[in-house]
Amino acid sequence: MRLVPCPTCGPREAGEFVCFGEPRPRPDGTRPLAEAIYARDNLKGPVAELWWHRAGCRRWLTLRRNSATNAFVE
Amino acid sequence: MSGYRLKPVEPDARVTVRFDGRDFEARRGESLAATLLAAGETTVARSFKYHRPRGIVAHGAHEPNALVQTKDGMALATQLDAREGLDARAVNCWPGPRFDLAGVLDRFGALLPAGFPYKTFMGPGGRAWPFFERVIRALAGLGTLPTQTRPLRIEKRHAHCELLIVGAGEAGRAAAAQARRPGLRTILADDGACPDFGHVTSLGHTTVLARHEGGLFLALERAPHPGLDARLWKIRAGAAVLATGAVERPLVFAGNDRPGVMLLSAILAYARRDFVAAGRRVLIACNNDEGYDGALALAEAGVGIVGIVDMRLGAGGPARARLERSGVPIHEGMAIGAARGVPVAGARLVRLDGTDATRDVACDAIAMAGGHTPLVHLHSHAGGPLAYAGDAAAFLPAGAHEGAWSAGAANGRGLAAAADGARAARLALGGPAEPEIPLSPAGGLLARWESPPAPGADKAFVDFGSDVTAADIRLAAREGYDGVELLKRYTATGMALDQGRTSNMNALDVLARARGLSPDRAGTTTFRPPFLPVPFAAFADPGGPLWKPSRVTPLTAWHETRGAKMYESGANWRRPGYYPRAGETLDAACARECAAVREAAGIYDSSPLGKFEVAGPDAGAFLDFVYATRLSDLKPGRGRYALQLHEDGRLFDDGIVFRLAPERFFVTTTTGNADACLQRFSYCRQVLRPDLRVVVASVTEQWADLVLCGPRARDVLAAAAIDPPRDLPFMGIAGIELAGRPALVARAGFTGEMSFEMFVPASSAPAIWDRLLSAGAAFGIAPVGSEANHVLRIEKGFISVGHEGDGIAGPDDLGLGFAVHADKPDFVGRAALMRDRADPAPRPQLVGLLARDPAFVLPEGAAVLRADAAVGRGFVTASCASGALGRSLALALIEDGRALIGRDVAVAIDGGIAGAHVVRPAFYDPQGARQRG
């Protein structure tokens, strides 16, 4: 299982986390509602993702991951 | 009958093993393969597809042929240790490997080309495959599943280390010698025996199966101690040295699969390690200098050599002169055109210069030396890139990958293994950069493995395990299956026991030549874990209460000792379903418990309910944001039924939110969603609304929840000397002292009766539960389980998120619009809810159903049909037999259901249609007078 770099707890197994994926801006009327709720950019390359360290510090983290290599990046 | 022992078995090491019903003398601990070789049992197996007789080719884990059956399952003869009582049989043959009736298939090889099942049985209109598949599988199957087998005992163990060294050969041992540093944890694992270095943890008889991202390795240790069959290690390593070695590459010539044709390295290993000679007259075929070095080593061990067939001219190094002096014939510029005899009795040699001169040599074993294929599997498993090294004619790791450094033969540096292993360890431990050690391919390697194919000659195999010939590869390439991945799937090359370790490179070579490509352009297939077959038991859930622990309430033990039928409910909780009396059925117990609640009093352990404290100056604003219901105007001491929506406007969860103090709320959620609510609350607090000053704490386990309900509930409380405020209103909450500790009492419940929920500290719960039961005995109190609760809530038309909240229904659909305060400027799901409200499209709506036959309980999940056609327009969400109403009841979500109230619908049931009448979803006390009291 891969290790997730938690800034509070250090590297921990991914099973301790919930990967929430791309940040989801709330529907604010600037985009069609369905797109705002369901659409994801799903970009290749470095992406920012939300992780919840459920079985650790319970912090919501924004981590950057290269979706092409699956490696966390600074 | 060619093999023999170079040294007799010592009397104290002598054991008897059985193979195919015959006894053989063995040296304890040697492999069954060594025993069979020593006994001259050259033919030990039949091949997968053609049923050709096969012998042992390799040693250790890379054997492609010699799969045998034991009572515990199948194993390689090269990996079964000889011990008294070992009993193995050959597979895929009848009556035996030396004479197999199905061997006739070999004569019809021309009818079984690559992809023959597709071509023969699956063509346009072909319907024959299902029939022939059975016949073919019966003929081609390998072995049988043991019918009576003891469960394997395999434990799992986790380990952490700074350095993992895989392989205790020269490179691995040199790496281990570098790992001397105080506090450095090093693990050294090897397939076979593993030397003890003192400063490292040595895992012998341990195969590292897989390397995953993040430095996670899986390894299987065989028989760590008597009573344990294996141990699966999960090793998290900071860095690793992969010294996994290489496997010798066979040569491709007609009849290269005949029993007695082996890898030179295997013949050497059996001679040196087991003192077993594969034959008295060994012919060595090579394309590099190792043929000569190996011949000297074999001669030294006492094995007779009848000649060396070298594809090259004038090569052989210093060893050649010594061999020539001792009279060993060297056939240079030649290759084996065909092997003859079963077991092998000789070879016809052909010239490679195009002339058709041939030479016949008699022999009783043939050794193939085609260079080495580095075992780069672990490097590749986690995505390490490979590069083709032309000098070594092999794919090699393209540098270190994620802290894993390949070394020694696995890195193409077999002749400088110790230096390469030491270097890899220093680098893996963070040492300064060092120059690379030069590649050391087999001396003078000529990149040619296949002898010239001759028309009418016997088959020349590239994959023994899958029975794939060089001709099959060429045919596949002609037919367009000319990429490595396609080729693999079309011909099954590389898919057999050894996963292509002996075959992939030769298959690629034949393919590349057929396409006129260089081997690096042809590419290689992907290596995937595990490296070796692993018993399922190694990965399986070992079972037992510790594997997936259930959550227990403070009263679970009480329920169990009272004979309650316990259910696994949401979120792993074990809770009582019902409390049967002696001889009582589920239905009878459930009806009795329901009657107690409706007529006297019931008590329910609702402790698994999700509970949260939300506190802070902005707690009200926070809840207004998280819930669709307005909660900021709630008065202290009061509660309100509240809904959470998904951002898409559909129902997520419901529960009662109480305000304990101006800045302190007590929030209840459903049991099943308690964990999801924790995630959502913290997401809203940390990500969406970090501006709000609020804290959220889960207190589900801290507070037990005892629900007392029924018309005599007040009497029971009085008898138990529990005194909530006399004027506590419906949906009110008050703090009281219970058994000397603080508790909360709320007038809320899920049954529609006068109801008191007592939130008490978990450790106080058993005493208070007992107190209520003894006090209630005079009033006919009964403990009630979730079955009765289900009936009681259906009677009331209360929704259960797990049943009616199907992810599609919104609050309005469920008749819960009263709990939505859309005038709030913002809350999660508001935008989508407003869009739903503006959309005239029909929606599923919650209604009640009364089956035409009042004794018939509609099945939950049954489709509700339109009267005019067999088209589903909804489904039954919950259904029960109601004692209070004396008939069956159901709730259903039906498209535009409210418009159907007063009309009939059809419900699809097993074997037909049941009529039902649509009514408002409130059957019992619809005005709610009883619960308000």
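**Entry 1: the surroundings of B:Arg650**

I looked up the contacts of B:Arg650 and, leaving aside neighbours within four places in sequence, I found B:Gln644, B:Leu645, B:Gly807, B:Ile808, B:Ala809, B:Gly810, B:Asp836 and B:Arg843. I note that the model is predicted. I then located B:Arg650 in the loop of chain B that runs between strand S35 (638-645) and strand S36 (651-661).

Is B:Arg650 buried or exposed? I recorded a relative accessible area of 16% for B:Arg650; buried means under 20%, so the residue counts as buried. Among the contacts listed above is B:Asp836, and I found that its side chain is joined to that of B:Arg650 by a polar contact of 3.1 Å.

**Entry 2: helix H16 of chain B**

I turned next to helix H16 of chain B, which covers residues 586-599 and has 14 residues. From the first C-alpha to the last, I read a reach of 20 Å, close to the 20 Å expected at 1.5 Å a residue.

Which residues of H16(B) are buried? I listed B:Ala589, B:Cys590, B:Arg592, B:Glu593, B:Cys594, B:Ala596, B:Val597 and B:Arg598. I then asked what these buried residues pack against. In chain B I found four strands and two helices as their partners: strand S32 (574-578), strand S33 (601-605), strand S39 (703-709), strand S43 (781-783), helix H21 (786-796) and helix H23 (929-932).

**Entry 3: the interface of chain A and chain B**

I examined where the two chains meet and found 18 residues of chain A in contact with 21 residues of chain B. The area buried between the chains is about 1,700 Å², and carbon and sulfur atoms give 57% of it. I noted that A:Arg26, A:Leu33 and A:Trp60 supply 36% of the area that chain A buries against chain B, more than any other three residues.

I next looked for polar and charged pairs. Four salt bridges cross the interface; in one between B:Arg236 and A:Glu13, the closest N and O atoms are 2.6 Å apart. I also recorded ten residue pairs in polar contact across the interface, with both residues at pLDDT 80 or more.

Which elements of chain A give two or more residues to the side that touches chain B? I found strand S3 (18-21), helix H1 (33-38) and strand S4 (46-52). H1(A) gives the largest share, three residues. I closed the entry with the composition of this side of chain A: eleven nonpolar residues, one polar and six charged.

Note on methods
Residues are numbered from 1 along each chain as its sequence is written. Chains are lettered from A and ligands numbered from 1 in the order in which they are written. This is a predicted model: local features need pLDDT of at least 70, side-chain atom pairs count only at pLDDT 80 or more; totals for chains, interfaces and linings use all residues. Side-chain values use heavy atoms; hydrogens and water are left out. The expected span of a helix is 1.5 Å times one less than its number of residues. Buried means under 20% relative accessible area, exposed over 50%, partly exposed in between (1.4 Å probe, protein chains only). Contact means heavy atoms within 4.5 Å. Buried area is the accessible area (1.4 Å probe) that two parts lose on being put together, summed over both. A salt bridge is a side-chain nitrogen of Lys or Arg within 4 Å of a carboxyl oxygen of Asp or Glu. A polar contact is a pair of N or O atoms within 3.5 Å; within protein, one must be able to donate a hydrogen and the other to accept it, and residues adjacent in sequence count only if both atoms are side-chain atoms. Ala, Val, Leu, Ile, Met, Phe, Trp, Tyr, Cys and Pro count as nonpolar, Asp, Glu, Lys and Arg as charged, and the others, Gly among them, as polar.
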